[in-house]
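Colleague: Hi! Could you walk me through this one? I'm new to it.
Modeller: Happy to. Let's have it in front of us.

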Amino acid sequence: MNTAEVAQLLALCASFDQRTVGEADVHAWHYAISDLDYRTAAAAVRDWYKANDEGRIDFQKLRAQVKRVRRDRLTARAMPVPDADPDDPVAYQQALAAQIGTIAAGYDLPAQLRQPAPPPPEITGRNGRDPAVVAALRITCPWCRAGRGERCRVPRTDTRLPAPHPARLDAAREAARTEEEK
């Protein structure tokens with residue numbers, strides 16, 4: 001948050017509690033809360049004065065209220081599956097962290113991330129019964145530990161995926177190769 005946004009935030013506070021705001025106040029608050037997002041901080045001020053009659057909000061109370069606002073935003077809806085390969089942990093974690101930050105800050109995700117993408121045609125085949133997928137469903141997924149016959153999922157959210165993880169497809173190919181060698 002820059003100093004102009006801090007001044008706006010203090011003006012918002014003043015509209016609720018009739019405080020006077022000077023240049024020194026703006027600089028002190030900026031020093032204490034410059035790492036916060038204005039939109040989230042303004043929502044925190046609104047929520048504070050809507051629910052509390054404990055007097056003025058100070059920057060420590062504001063930080064605690066911002067944490068509550070961010071937590072409430074994250075728990076208000078299911079976390080969509082990131083648009084990243086789960087077999088690339090670094091990329092997947094970065095995409096997930098970006099999504100969490102976007103949702104916690106109160107912004108909408110791009111439309112393509114709100115709903116899981118359909119499986120690519122090379123996975124489903126023409127009739128939806130690709131032999132590789134059928135073979136993959138006969139083994140436990142090494143990545144998400146989905147059991148035999150279960151669709152792969154995103155750990156922790158338990159969101160079912162439309163297609164098996166690449167690691168599961170590879171494991172099924174390896175199992176078929178091992179079976180052929182016997």
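**Salt bridges, rings and a helix**

Modeller: Let's start with charges: the count of salt bridges comes to seven. Keep in mind that this is a predicted model.

Colleague: Okay, let's take one. Which residue forms a salt bridge with aspartate 35?

Modeller: Arginine 63 does, and the closest N and O atoms of the two are 2.5 Å apart. Aspartate 35 sits in the loop between helix H2 (23-33) and helix H3 (38-51), while arginine 63 belongs to helix H4 (residues 59-75), so the pair ties together parts that are 28 residues apart in sequence.

Colleague: And is aspartate 35 buried or exposed?

Modeller: Aspartate 35 is exposed, with a relative accessible area of 57%. Its partner arginine 63 is partly exposed, at 28% relative accessibility.

Colleague: What about aspartate 47, which side chain does that one meet in a salt bridge?

Modeller: That would be arginine 46, at 3.0 Å from N to O. Arginine 46 is partly exposed with a relative accessible area of 41%, and aspartate 47 is partly exposed as well, at 22%.

Colleague: Got another one for me?

Modeller: Sure: glutamate 174 and arginine 177 form a salt bridge, with N and O 3.2 Å apart. Both residues lie in helix H9 (residues 166-181), three residues apart, which is about one turn of the helix. Glutamate 174 counts as partly exposed at 42% relative accessibility, and arginine 177 counts as partly exposed at 43%.

Colleague: Switching topic: how many aromatic pairs are there?

Modeller: There are three aromatic pairs. One of them is tryptophan 29 with phenylalanine 59, an edge-to-face pair with 6.1 Å from centre to centre and 80° between the planes. Tryptophan 29 is in helix H2 and phenylalanine 59 in helix H4, 30 residues apart, and the pair links these distant parts of the chain.

Colleague: Is tryptophan 29 buried or exposed?

Modeller: Buried, at a relative accessible area of 10%. Phenylalanine 59, on the other hand, is partly exposed at 31%.

Colleague: Why is the pair of tyrosine 92 and tryptophan 143 called edge-to-face?

Modeller: Their ring planes stand at 75°, with the centres 6.2 Å apart, so the pair is edge-to-face; the cut-off for that is over 60 degrees. This pair also links distant parts of the chain, with tyrosine 92 in helix H5 (residues 89-104) and tryptophan 143 in the loop between helix H8 (131-136) and strand S1 (153-154), 51 residues apart. Tyrosine 92 counts as buried at 10% relative accessibility, whereas tryptophan 143 is partly exposed at 30%.

Colleague: Which residue lies over the face of tyrosine 107?

Modeller: Arginine 39 does, at 4.4 Å from the ring centre.

Colleague: Back to H5 then. How many residues does H5 have?

Modeller: H5 has 16 residues and reaches 22 Å from its first C-alpha to its last, close to the expected 22 Å.

Colleague: Which residues of H5 are buried?

Modeller: Tyr92, Gln99, Ile103 and Ala104 are the buried ones in H5. Looking down the helix axis, the buried residues of H5 fall within an arc of 125°, so they line one face of the helix.

Colleague: And what does the face turned away from the buried side of H5 carry?

Modeller: That face of H5 carries the exposed residues Val90 and Gln94. Just after H5 comes glycine 106, which takes a positive phi of about 95°.

Colleague: Thanks, that helps!

How values were computed
Residues numbered from 1 in each chain as written. Predicted model: local features only at pLDDT ≥ 70, side-chain atom pairs only at ≥ 80, totals over all residues. Heavy atoms only, no water. Salt bridge = Lys/Arg side-chain N within 4 Å of Asp/Glu carboxyl O. Helix = DSSP H or I, 4+ residues; strand = E, 2+ residues; numbered from the N terminus. Buried < 20%, exposed > 50% of the residue type's maximum accessible area, 1.4 Å probe, protein only. Phe/Tyr/Trp six-rings, centres within 6.5 Å; stacked < 30°, edge-to-face > 60°. Lys NZ or Arg CZ within 6 Å of the ring centre and 35° of its normal. Expected span 1.5 Å × (residues − 1). Arc of directions from axis to C-beta.
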